[in-house]
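Visitor: I am new to this structure and would like to be led through it slowly. Could we look at it together, one question at a time?

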Amino acid sequence: MKILIVHNNYGKYSGEEAVVDKMAEMLKEHGHQVGFYRMTSEGSRESLSGQIKGFLSGIYSPAGVKGMREAIEWEKPDIINVHNLYPFISPAALFECRKAGIPVVMTVHNFRLICPTGLFMRDGGPCELCLQKGNEWSCIRYNCEHSLLKSTGYTLRNAYARWTGAYKKCVSAFACITEFQRKKLIDACFDADRITVIPNSIDTPARYRETEGQYIAYIGRLSFEKGYDILIDIAKRHPEINFHFAGAKRDNSDLHDVPSNVVFKGYLNKGELGDFIKNSKFLVMPSRCYEGFPMAILEAACFGKPSIGPDHGGFTEIIGKGNDAIGLLFAPGDTNDLERKITQLYNNQQEIKLLGRKAFNKLTEEYSSNVIYNKWQKLFLKIK
C-alpha cells in the first residue's frame, strides 16, 4: 500500500515531528511504500514578512493547495495520512484529496481542530470555551496567544476551516491519540463513527535493568504550559532532592534564583536521553495543560521508571489509577499535592520499582510498535 504522509514541520524539531518520522519508519518496516508532502515553518516567525505570510497561508494557502495536488499526482497514494497543516499547507488542501477520491486519515496530535491554540489553555489552566461556544472567537477576545496578530490569525484559520467544512467533508477517519481527545471531538459534533483511538508508539526493549537513580527527571520543552517553573519552586523547598531538566527553553521568561539542586541539561539526543532517564529515580510532568500524548511517559517506561503527572487530559488514562497505575497523579494546579506526591515517591524505593515494572509491562502490552501498527493496518483496510 502506498501512503502519503502530509505534515507542516514546526519551527523547531518537536515531539510531533518525532511521531511523524516514527510513523514513516513503522510503515516501511511492514512493507508499505511511503511518500511525503512536507513544508516547514522554520525561520518564518523571525521576520514580519514571514509572520504575515503565515497569517494568510493558515487561512488559505494557494501554494499548499497546489503542492498537495502535485504530491497526489506524483506519489499516486492509496491513502493520505495528514498530521499538521498549519500554516503553509492549510486545510484547504484537503479538498484536493477529496477531488482525487483518496481516503484521508488525520492523526490528531492536539486540540487544534477545536481550539485555535491547540492547547485548550488560558490564564494558566485548562480552557474549553471555544468547544462550549462552538466557535473560535474567544481566542481573539482573550488574546490567548498574547499577540493580537497571532490570536487573530489562529482564530481566522480555524473559522475558515469550519465554514468550509474542510475536516468534516474531506477526512475519512480521525485517529486520536487518547480517548480523552476522541470524546472532545465528539463533543464538537464530529462524527463518532469516523473517530478511533490509536496511541503513539515506541520501540520497546525486551527487558530493562533496574537502576536506583540519583535525581528526579523532567523531560520536555521549558515553557509555561509545561509547568517546569512549578517544579523549580518545589526544588527550592527541598534542597535534599536533585532535579534535572532535559529540554530546550521555548519562552522568553528569565528564571531567577535557581537553586543549586536544579540542573539544566539542555536538548539531549536519543542516546543522551536514554542515559538521562536511566540515571533518574522517576519522571515528573507538572503540565498546566492537557497535552496531547506525553511521549516522555513511554520513554521513561522503557527503563522501568514511573511518572508523576496531573490528573487531567491524556495523563489520566496513560498513567492510570488504582492497581493499574504506572505512576502517581496529582490534582491539577495544586502545587502542594504535587509536592506531596514527589516526596512520597522519592522516599519509597520499593514503590518506585513496583510502579516501574507496571510501566514497562503496560508499555509492552499497549504501546509497542507492533501493537500500534496492527491498529493502523486495521484502520487502513477499513477505509481503503
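The questions and answers below go from the whole chain to helix pairs and then to single residues.

Visitor: How many helices and strands does the secondary structure of the protein come to?
Guide: Please keep in mind throughout that this is a predicted model. The chain has 384 residues, and its C-alpha atoms fill a box of roughly 60 × 45 × 35 Å along the principal axes. The secondary structure within it comes to 16 helices and 14 strands.

Visitor: What is the radius of gyration of the protein, set beside the globule rule?
Guide: For 384 residues the globule rule gives 21 Å, and the value for this protein is close to that, so the protein is as compact as a globular protein of that length. The radius of gyration is 21 Å.

Visitor: What percentage of the contacts with a separation of 6 or more comes from residues 24 or more positions apart?
Guide: As background, 57% of the 384 residues count as buried. Turning to the contacts with a separation of 6 or more, the part that joins residues 24 or more positions apart is 70%.

Visitor: Are helices H10 and H14 parallel or oblique to each other?
Guide: Helix H10, residues 228-237, packs against helix H14, residues 335-346, with the axes 11 Å apart and at an angle of about 60 degrees. An angle from 35 up to 65 degrees falls between the roughly parallel and the roughly perpendicular ranges, and therefore H10 is, with respect to H14, oblique.

Visitor: What is the handedness of that crossing of H10 and H14, and how do the residues of the contact divide by class?
Guide: The crossing of H10 and H14 is right-handed. On the H10 side the contact is made by Ile230, Leu231, Ile234 and Arg237, and on the H14 side by Thr335, Leu338, Glu339 and Ile342. By class, the contact of H10 with H14 has five nonpolar, one polar and two charged residues.

Visitor: How are helices H15 and H16 oriented, parallel or perpendicular?
Guide: The axes of H15, residues 349-367, and H16, residues 369-383, come within 6 Å and cross at roughly 25 degrees. Because angles under 35 degrees count as roughly parallel, H15 is, relative to H16, roughly parallel.

Visitor: Which residues of H16 does H15 meet?
Guide: The residues of this contact divide into three nonpolar, two polar and two charged. From H15 come Thr364, Glu365, Glu366 and Tyr367, and the residues they meet in H16 are Ser369, Val371 and Ile372.

Visitor: Are H1 and H16 parallel or perpendicular to each other?
Guide: Helix H1, residues 15-29, packs against H16 at an angle of about 80 degrees, with the axes 11 Å apart. Angles of 65 to 115 degrees count as roughly perpendicular, and therefore H1 and H16 are roughly perpendicular.

Visitor: Which residues of H16 take part in the contact with H1?
Guide: By class, the contact of H1 with H16 has six nonpolar, one polar and one charged residues. H1 contributes Lys22, Met23, Met26 and Leu27, while the residues from H16 are Ser369, Tyr373, Trp376 and Phe380.

Visitor: Is Ile3 buried or exposed?
Guide: Ile3 lies in strand E1, residues 2-9. Leaving aside neighbours within four places in sequence, Ile3 is in contact with residues including Leu27, Val34, Ile79 and Phe380. With a relative accessible area of 0%, Ile3 is buried.

Visitor: How far apart are the C-alpha atoms of Gly247 and Gly220?
Guide: Gly247 sits in the loop between strand E10 (243-246) and strand E11 (262-266), and with a relative accessible area of 12% Gly247 is buried. Not counting residues up to four places away in sequence, Gly247 touches Gly220, Leu222, Gly266 and Tyr267. Although Gly247 and Gly220 are 27 residues apart along the chain, their C-alpha atoms are separated by 4.9 Å.

Visitor: Which peptide bond is cis, with omega near 0 degrees?
Guide: Most peptide bonds are trans. Pro87 has its place in the loop between strand E3 (79-82) and helix H4 (94-100), and the cis bond is the one from Tyr86 to Pro87.

Visitor: Is Cys189, with its positive phi, buried or exposed?
Guide: Phi of Cys189 is near 70 degrees, a positive value in a residue other than glycine, and Cys189 is found in the loop between helix H9 (179-187) and strand E8 (195-197). Since a relative accessible area over 50% counts as exposed, Cys189 with its 61% is exposed.

Notes
Residues numbered from 1 in each chain as written. Predicted model: local features only at pLDDT ≥ 70, side-chain atom pairs only at ≥ 80, totals over all residues. Heavy atoms only, no water. Axes fitted to C-alpha atoms, helices over the stretch in contact; angles between N-to-C directions. Helix = DSSP H or I, 4+ residues; strand = E, 2+ residues; numbered from the N terminus. Parallel < 35°, antiparallel > 145°, perpendicular 65-115°, else oblique. Left-handed = near helix turned anticlockwise from the far one by under 90°. Contact = heavy atoms within 4.5 Å. Nonpolar A, V, L, I, M, F, W, Y, C, P; charged D, E, K, R; others polar. Rg over C-alpha atoms; globule rule 2.2 N^0.38 Å. Buried < 20%, exposed > 50% of the residue type's maximum accessible area, 1.4 Å probe, protein only.
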